[in-house]
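Q: I'm trying to get a feel for one small part of this model and how it connects to everything around it. Could you walk me through it slowly, in plain words?

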Amino acid sequence: MPQPGPLAVDSTSGVSNLFVADSISKQVYALELTKSARSCHELGWDEESTMELHGSPRICGRSLGNEAVLGSRCNSTHSEGLCCSGSLTFAQAQQWCSLQGARLCNMEELRNDEAKDPQEGPFCETGPSMVYDGPYDQASMWTSSPCFLRSSNKPGYWTRAGARRWMKLSPDDCREPSALAFVKCCADRELLMPVAGVSPPLKDLQGYGQEMFKRFTDGPTP
């Protein structure tokens, strides 16, 4: 039986699908599907207690960003190397999330509290005032969900409160992309899907998908 060739990991442009394949025999062994460029595990956002309390256990989210990645884009910082977005346009909000390997949450995800911040913190706040400002859970967040502006019928995007509890305080609003809102980002936990009827070249397929893919790139076990 011929030995399998080098195993390749292919990230399709614009779609976060990773393929585990033998580049010589052209055999596909498995694929991993995520909407975000990096998984919850890679981002360090996969705390079991948080993911299981809110919405889907395969989706994670937060208001805090990675200061090391975002740098001067940070509006305010925390001592833990985390920072907050401040109010941004839609394009800036998209970039804020994508630079970290995450994505904007959609309307349903915010309603399901996928990006709800932990009550004990740390979390982002809209400003320094204890009277007029508050946590991002209470403020209007950009979402990836499209809409049409009532006044002009031009395309826009929905904003929604960062947590379901505060939806009356910050009601849903269809805004033009040049308007300002705050940002929470979402990501997906890895979902590994082996190809039916195919024997994998590695005996142990346990663990997170990305860890398995890294092992695949080192070649098959003897």
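Does cysteine 174 count as buried or exposed, and why?

A: Let's start with the residue itself, keeping in mind that this is a predicted model. Cysteine 174 has a relative accessibility of 17%, and the cut-off for buried is under 20%. So cysteine 174 counts as buried.

Now look at what it is attached to. Cysteine 174 forms a disulfide with cysteine 147, and the two sulfur atoms sit 2.0 Å apart. One end of the bond, cysteine 147, is in strand β9, and the other, cysteine 174, is in strand β11, so the bond ties together parts that are 27 residues apart in sequence. The partner is tucked away too: cysteine 147 has a relative accessible area of 7%, so it is buried. You can also ask which way the bond twists. The torsion about the S-S bond is about 90°, so this disulfide is right-handed.

This bond has company, as the count comes to 6 disulfides. If you number the bonded cysteines in sequence order, they pair up as 1-2, 3-4, 5-8, 6-11, 7-12 and 9-10.

Here are two others to set beside it. Cysteine 40 and cysteine 60 are bonded with their sulfur atoms 2.1 Å apart. Cysteine 40 belongs to helix α1 and cysteine 60 to strand β4 (residues 59-62), so this pair ties together parts 20 residues apart in sequence. The S-S torsion here is about -105°, so the disulfide of cysteine 40 and cysteine 60 is left-handed. Both of these cysteines are buried.

Then there is the bond between cysteine 105 and cysteine 186, again with sulfur atoms 2.1 Å apart. Cysteine 105 is in the loop between β8 (103-104) and α5, while cysteine 186 is in strand β12, so the bond ties together parts 81 residues apart in sequence. With a torsion of about 95°, the disulfide of cysteine 105 and cysteine 186 is right-handed. Cysteine 105 and cysteine 186 are both buried.

Next, let's follow strand β9 away from cysteine 147, to the aromatic rings. The structure holds 3 aromatic pairs. In one of them, phenylalanine 90 meets tryptophan 142 edge-to-face, with 5.5 Å from centre to centre and 75° between the planes. Phenylalanine 90 is in helix α4 (residues 90-98) and tryptophan 142 is in strand β9 (residues 140-148), so this pair ties together parts 52 residues apart in sequence. Both rings belong to buried residues. Another pair, tyrosine 136 with phenylalanine 182, is tilted, at 5.0 Å centre to centre and 50° between the planes. Tyrosine 136 comes from the loop between α5 (107-111) and β9, and phenylalanine 182 from the loop between β11 (173-175) and β12 (185-188), so that pair ties together parts 46 residues apart in sequence. Tyrosine 136 and phenylalanine 182 are buried as well. Ring pairs also link Phe90, Trp142 and Tyr157 into a cluster.

Some of these names come up again in the nonpolar cores. In soluble globular proteins, nonpolar side chains tend to be buried together. The largest nonpolar core here has 19 residues, and those touching the most other members are Trp45, Trp96, Cys97, Leu104, Trp142, Val183 and Cys185. Helices α1 (40-43) and α4 and strand β12 each supply at least two residues of this core. The largest share, 4 residues, comes from α4. Apart from this core lies another one of 12 residues, which includes Cys124, Tyr136, Phe182 and Cys186.

Finally, zoom out to the whole chain. Its secondary structure comes to 6 helices and 13 strands. The chain has 222 residues, and 42% of them count as buried; cysteine 174 is one that counts as buried. Among contacts between residues at least 6 apart in sequence, 57% join residues at least 24 apart. The accessible surface comes to about 12300 Å², and 53% of that belongs to carbon and sulfur atoms.

How values were computed
Residues are numbered from 1 along each chain as its sequence is written. This is a predicted model: local features need pLDDT of at least 70, side-chain atom pairs count only at pLDDT 80 or more; totals for chains, interfaces and linings use all residues. Side-chain values use heavy atoms; hydrogens and water are left out. Buried means under 20% relative accessible area, exposed over 50%, partly exposed in between (1.4 Å probe, protein chains only). Contact means heavy atoms within 4.5 Å. Accessible areas come from the Shrake-Rupley method with a 1.4 Å probe; for residues, only the protein chains shown count as cover. Rings of Phe, Tyr and Trp (its six-membered ring) pair if their centres lie within 6.5 Å; planes under 30 degrees apart count as stacked, over 60 as edge-to-face and the rest as tilted. A nonpolar core is a set of buried Ala, Val, Leu, Ile, Met, Phe, Trp, Tyr and Cys residues joined through side-chain atoms within 4.5 Å. A disulfide is a pair of cysteine sulfur atoms within 2.5 Å.
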